[in-house]
Amino acid sequence: MVHNHWVKETLEIINQMQADGVIGKYAIGGAVGATLYLEPASTLDVDIFAVIPTSSDSPLLSLTPIYEYLKARGGVIEYEHVKIAGWPVQFLPPSNELEQEAVAEAVETTVEGVPTWVMSAEHLVAIALRTGRSKDYIRVLQFIEQDALDQEKLHAILERHGLTSKWQQFQDKYLGGTNE
Amino acid sequence: MSKTEMRRQLAGLSFSEKVKILEKLRDRSLALAASGLRSQSAEGARKKADKGSKG
């Protein structure tokens, strides 16, 4: 089977979109972001948390400039995704202080030489904990099992964003109340 | 190699290497979906379960 460099091509387009001012700082989150720290797990899309510039004329956030930019470059809109270079990408404006901080403090890395930013392991865990679906909890457990977290940093984030009691509930339910 | 050791090795790969694996996993998922194998196997499992519950 021929190997396609879809993610690399997708990131090149997103980086160009950032350079052209359509989006501000961005960070990869979700399953693809978690892959920086964990073993790879099958996923069908890429979550990009991107700061979207607003103007004084139109202070409301709109994804339309992103969609228009990408459509002009061959992107295809499919429900909440834009298919770029074969990968469905979901653009998510940071919707709360935790997500804003996660984007601001994202870790710089590269994919086949293309620079990109990924949320820190601790921010990914905090966001997964807040989102709270079964698959999010599974991911949190993977971070714990693979010892991929800086506990001090994680607890500071959880405290800052009011997630300490949720973390305690998670521990009680899934870790037998241990103080991991 | 133990499963734990294999997982540790996979987690230790570079992001680029892991992204290549993600792409292959996605290719495989799409190929399975296109071939209909997944729905056939789900249908087969359902029939088997039905048979088991009736038997």
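Okay, let's start at the interface: between chain A and chain B there are 10 residue pairs in polar contact, counting pairs with both residues at pLDDT 80 or more. And yes, that pLDDT tells you this is a predicted model.

So where on chain A does this happen? The elements giving two or more residues to the side that touches chain B are helices α1 (6-19) and α6 (134-145), plus strands β5 (87-92), β6 (107-111) and β7 (114-118). By residue type, that side of chain A splits into 14 nonpolar, 12 polar and 5 charged.

Now the overall contact count. On chain A, 31 residues are in contact with 16 residues of chain B. People often quote interface size as the accessible area lost when the parts come together. Here the area buried between chain A and chain B is about 2100 Å², and carbon and sulfur atoms give 63% of that.

What about salt bridges? The rule finds 2 across the interface of chain A and chain B. One pairing to look at on your screen is R7(B) with E39(A), whose side chains meet in a salt bridge at 2.3 Å, N to O.

Okay, moving on to the core. The largest nonpolar core has 59 residues, and the members touching the most others are Y26(A), I48(A), I66(A), F91(A) and W167(A). Which helix gives the most to this core? That's α5 of chain A, residues 121-131, with 7 residues.

Let me zoom in on Y26(A). Leaving out residues up to four places away in sequence, Y26(A) touches, among others, L11(A), I14(A), I48(A), F49(A), V103(A), P115(A) and W117(A). The Y26(A) list also includes N15(A), Q18(A) and T116(A).

Note on methods. Residues are numbered from 1 along each chain as its sequence is written. Chains are lettered from A and ligands numbered from 1 in the order in which they are written. This is a predicted model: local features need pLDDT of at least 70, side-chain atom pairs count only at pLDDT 80 or more; totals for chains, interfaces and linings use all residues. Side-chain values use heavy atoms; hydrogens and water are left out. Contact means heavy atoms within 4.5 Å. Buried area is the accessible area (1.4 Å probe) that two parts lose on being put together, summed over both. A salt bridge is a side-chain nitrogen of Lys or Arg within 4 Å of a carboxyl oxygen of Asp or Glu. A polar contact is a pair of N or O atoms within 3.5 Å; within protein, one must be able to donate a hydrogen and the other to accept it, and residues adjacent in sequence count only if both atoms are side-chain atoms. Helices (H or I, at least four residues) and strands (E, at least two) are DSSP runs, numbered from the N terminus. Ala, Val, Leu, Ile, Met, Phe, Trp, Tyr, Cys and Pro count as nonpolar, Asp, Glu, Lys and Arg as charged, and the others, Gly among them, as polar. A nonpolar core is a set of buried Ala, Val, Leu, Ile, Met, Phe, Trp, Tyr and Cys residues joined through side-chain atoms within 4.5 Å. Buried means under 20% relative accessible area, exposed over 50%, partly exposed in between (1.4 Å probe, protein chains only).
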